[in-house]
Amino acid sequence: MSLVDLRSDTVTRPTPSMRRAMAEAEVGDDVYREDPTVNRLQARAAEIFDREAGLFVPSGSMGNHAAIKVHTHHGQEVICEERSHIYNYEMATMAAVSGCLARTVRGEDGILGWDDIAPALRAMTAERAGTGLISLENTCNIAGGAVTPVELAERVCDEAHARGVPVHLDGARIFNAATALGCTVGDLTRKFDSVMFCLSKGLGAPVGSVLVGSKEFIESARRVRKMLGGGMRQVGILAAAGLIALEESPARLPEDHENAQVLARGLAEIPGIRLDPAKVRTNIVIFDVQETGIESFEIARRLKEKDILANGISPATMRMVTHRDVDRAGCQRALQVMEGILAGERTRTAVAQ
Ligand code: TLP
């Protein structure tokens, strides 16, 4: 039986049409801006997001780093959600590369509104370097793919701009957010100063992310990309897959969201697992396993023995992510295996008592 890989939506393999486009891609040296396929991808991304320019970057992390570096200067603070990717999973780059301090704030379900952010703002004074940037994440990964609504994001941008503070969006999964809200990514991101979105998550490309913003911002981000070692050469072979991901994949995201619902409803019925399926609106399911009596990492190990891959994200919580390479039957099999493992554990503990 084949492996059901629910560790992340980053695990998808390129489709036959992506591989064909990669093989046939027209290429040039992108550091000289001469790769026609990269140029097409950047222009198309800018058009979809209604921005002046786009920049192809090797990873979401590099897109976020470039944005933070351009928007801030050393010693400033970056306001972000406590569970955000830029704070927890990017090798402290905001400190190491941009010299910034994260000022974290907890938002209900990972969603930051202006009322959460306002108390964390710091003006520049004799003792304080001040807030250089606010960064939102939509969907919020570790809060279970939570979706920030348009009005909430726009108010954050308006209030921040009124105070001269730029706002960046880590939109690694912004197409999932737009799918859940039934709007376009343009509608959802119009007021942000910069947006990073990933081609290599729900959209299924093998590599790459795009940063979009004003011409001036993208020019600066291009220099930071080079500084970080992200100046690539005949990279049209990757951009070609990215273009297909961008054009074809958003339409199939509802399927991933429905599969995540199937997982969420099934998991919620298993004794010891806690989650609210109503809160699962996109492709990420985060659940609490504390009452099962087994740590998440051990559950992940036992799942793997049965060809189901999922990640523990803390001893008490696990994550399952749906994507193009896992279907409904795979999700159902994951549920059966999970049920079996936990039922076996309950019997074992009952016998031992
Ligand atoms: N997320 C990965 C892991 O790093 C946790 C995953 O499997 O979900 N922003 C957000 C919200 C992300 O979830 C990720 C990756 C990134 C940025 C970084 O993207 P990459 O991995 O391309 O650097």
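A polar contact here is a pair of N or O atoms within 3.5 Å; inside the protein, one must be able to donate a hydrogen and the other to accept it, and residues adjacent in sequence count only if both atoms are side-chain atoms.

You're looking at a predicted model, where local features need pLDDT of at least 70, side-chain atom pairs count only at pLDDT 80 or more, and totals for chains, interfaces and linings use all residues. Residues are numbered from 1 along each chain as its sequence is written, and side-chain values use heavy atoms, with hydrogens and water left out.

**Exercise 1.** Find polar contacts between the ligand and His85, Arg173 and Gly60.

*Solution.* Start with His85: a side-chain N or O atom is 2.8 Å from an oxygen atom of the ligand. Next, try Arg173, where a side-chain N or O atom also lies 2.8 Å from a ligand oxygen. Then switch to the backbone: an N or O atom of Gly60 is 2.8 Å from an oxygen atom of the ligand. As for cover, the protein takes up 82% of the 510 Å² of accessible area that the ligand has on its own (Shrake-Rupley method, 1.4 Å probe).

**Exercise 2.** Describe the shell around the ligand by class.

*Solution.* Count the residues near the ligand (a heavy atom within 4 Å): there are 15, and Ser8, Ser61, His85, Asp170 and Arg173 are the closest. Now sort them: two are nonpolar, seven polar and six charged (Asp, Glu, Lys and Arg count as charged; Ala, Val, Leu, Ile, Met, Phe, Trp, Tyr, Cys and Pro as nonpolar; the others, Gly among them, as polar).
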